[in-house]
Amino acid sequence: MQCYYSVGSNMAATDETSVLLRSFECEQNLLSRPDGSANVRQGDTSVLAAVYGPGEVKMSEEIIDKATLKVIFKPKIGLPGCAEKLQERLLRNTCESVVLAVLHPRSGVNIVLQVIQDSGSLLSCCINAACMALVDSAVPMKCLVSAVTCAVMEEGRIVLDPDSKQEKESSAVLTFAFDSRENNVVTCSTKGCYTPEKYQECLSACGAASRNISSFFRQAVERRMSKEL
C-alpha cells in the first residue's frame with residue numbers, strides 16, 4: 001500500500017532569523033523490490049530512498065556482533081565523486097546512530113539514496129528520506145532522526161531550509177540532525193565562515209524546527225499503522 005503525507009510551510013520571523021520551512025511531503029512504500037522506500041520532498045528538493053535488508057552480507061563485510069550498514073548515494077546525473085562519498089559517510093554515520101544493528105548480527109542493511117531534484121538543503125532531505133525509508137522497512141531503530149539545514153546570510157540573518165539561490169548567496173551553510181527522543185544532535189555538517197555565537201543561534205533555530213519534522217514523522221507513522229489495522 002502506497003502512503004502519502006504532506007504538511008504546509010511553517011512561517012514565523014524574528015529580526016535575525018527567518019523561520020520559513022518549505023512545504024514538506026513524504027510518500028512511503030513506493031517501490032516493490034526494496035524492503036522499504038520513501039520519497040521526501042522539501043520544496044523542490046526531492047530524494048528517493050530505498051532500504052534492503054537485514055539480509056545476507058559478504059564475508060569480507062560481515063561484523064560478528066551487529067549488522068553492517070551501507071549507504072549508496074546517487075547524484076541526479078553523472079557518477080559519484082568525492083563530494084558524494086563524503087555525503088555517504090555522513091549519512092551512514094547518522095543512520096548508524098539510530099539503527100539497532102546489534103539485533104541483526106552478521107547481516108547487512110543497504111540504504112540507496114537517489115537525488116531526484118536538488119533545489120537546496122539536499123543533505124537534510126537525504127537524512128529525512130533515509131529515516132522514513134528505514135521506518136517503512138521496519139528495521140529496528142532507537143528513535144527517529146530529523147534534519148534541518150540553515151544558511152547564514154551576509155547580513156547575519158539565518159534562513160532555515162534554504163533553496164539553492166539562498167545557499168549560494170550565504171556566507172555559511174549548516175546542517176544538523178537531531179534524534180526524536182531528547183532532540184540531541186547526532187550529525188553536524190558545516191560549510192563556510194561563521195562565529196561561535198552564530199553557530200549557537202543556528203543550532204537553536206534548527207533544533208526548534210526539527211521538532212516539527214519529528215512530529216510530522218510520528219503522525220505519518222501513526223496514520224499508516226491505523227490504515228493497516
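Let me start in a loop: Asn-183 sits between β11 and β12. Its phi is positive, about 60°, although Asn-183 is not a glycine. With a relative accessibility of 17%, Asn-183 counts as buried, because the cut-off for buried is under 20%. Before going on, a reminder that this is a predicted model.

There is a second residue of this kind. Asn-29 also has a positive phi of about 60°, and again Asn-29 is not a glycine. Its loop is the one between β4, residues 24–28, and β5. At 23% relative accessibility Asn-29 counts as partly exposed.

That takes us to β5 and the strands that follow. β5 covers residues 36–42 and β6 covers residues 45–55; the two pair in the antiparallel sense, over 7 bridges. One partner pair to look at is Val-40, whose bridge partner in β6 is Val-47. What joins the two strands? They form a hairpin, with 2 residues between them. Gly-43, in the turn, has a positive phi of about 65°.

β6 has another antiparallel partner, strand β8, residues 108–117, and that pairing runs over 8 bridges. On that side, Tyr-52 stands opposite Asn-110 in β8. As a general point, side chains in a regular strand alternate between the two faces of the sheet.

Stay on β6 for a moment, since Pro-54 is found in that strand. Which residue does a cis peptide bond join to Pro-54? The partner is Gly-53, and omega is about 0°. Pro-54 has a relative accessible area of 35%, so it is classed as partly exposed.

Pro-54 also brings us to the internal space. How many cavities of 30 Å³ or more does a search of the whole structure find? The search finds 1. The largest cavity holds about 50 Å³ of space. Pro-54 is one of the residues that line the cavity; the lining also includes Ala-67, Thr-68, Leu-69, Val-99, Leu-100 and Ala-101. His-104, Val-109 and Val-139 belong to the lining as well. By class, the cavity lining divides into 8 nonpolar and 2 polar residues, with no charged ones. Two of the lining residues, Pro-54 and Ala-101, are 47 residues apart along the chain, while their C-alpha atoms are separated by 9.2 Å.

Now the open space. The largest pocket contains about 590 Å³. It is lined by 23 residues, and those nearest the pocket centre are Gln-87, Asp-118, Leu-122, Leu-123 and Lys-191. Which elements give two or more residues to this lining? Three are helices: α1 (82–96), α2 (122–137) and α3 (164–169). The other two are strands, β11 (170–179) and β12 (185–192). α1 gives the most, with 5 residues. In this pocket the lining divides into 10 nonpolar, 8 polar and 5 charged residues. If you set up a probe or docking box on your own screen, those are the residue classes around that space.

Next, the rings. The structure holds 6 aromatic pairs. One of them is Tyr-194 with Tyr-199, at 6.0 Å centre to centre and with 25° between the planes. That pair counts as stacked because the planes are under 30 degrees apart. Both tyrosines are in the partly exposed class: Tyr-194 has a relative accessible area of 32%, and Tyr-199 is at 21%. Ring pairs also link these two with Phe-176 and Phe-178 into a cluster.

Last, the cysteines. How many disulfides does a search of the whole structure find? The count is 0. Take Cys-143: the nearest cysteine sulfur is that of Cys-131, 8.4 Å away. A disulfide needs the sulfur atoms within 2.5 Å, so Cys-143 is in none. At 11% relative accessibility Cys-143 counts as buried. Cys-82, by contrast, counts as exposed, at 73%.

To recap the two spaces: the largest cavity has about 50 Å³ and no charged residue in its lining, and the largest pocket has about 590 Å³, with 5 charged residues in its lining.

Conventions
Residues are numbered from 1 along each chain as its sequence is written. This is a predicted model: local features need pLDDT of at least 70, side-chain atom pairs count only at pLDDT 80 or more; totals for chains, interfaces and linings use all residues. Side-chain values use heavy atoms; hydrogens and water are left out. On a 1 Å grid over the protein atoms alone, a cavity is a set of points where a 1.4 Å probe fits but cannot get out, and a pocket is an open set with protein on both sides within 12 Å along at least five of seven lines; lining residues have an atom within 4 Å of a point. Grid points are joined across faces, edges and corners, and a volume is the space filled by probe spheres set on the points. Helices (H or I, at least four residues) and strands (E, at least two) are DSSP runs, numbered from the N terminus. Ala, Val, Leu, Ile, Met, Phe, Trp, Tyr, Cys and Pro count as nonpolar, Asp, Glu, Lys and Arg as charged, and the others, Gly among them, as polar. Rings of Phe, Tyr and Trp (its six-membered ring) pair if their centres lie within 6.5 Å; planes under 30 degrees apart count as stacked, over 60 as edge-to-face and the rest as tilted. Buried means under 20% relative accessible area, exposed over 50%, partly exposed in between (1.4 Å probe, protein chains only). Two strands pair if DSSP finds at least two bridges between them.
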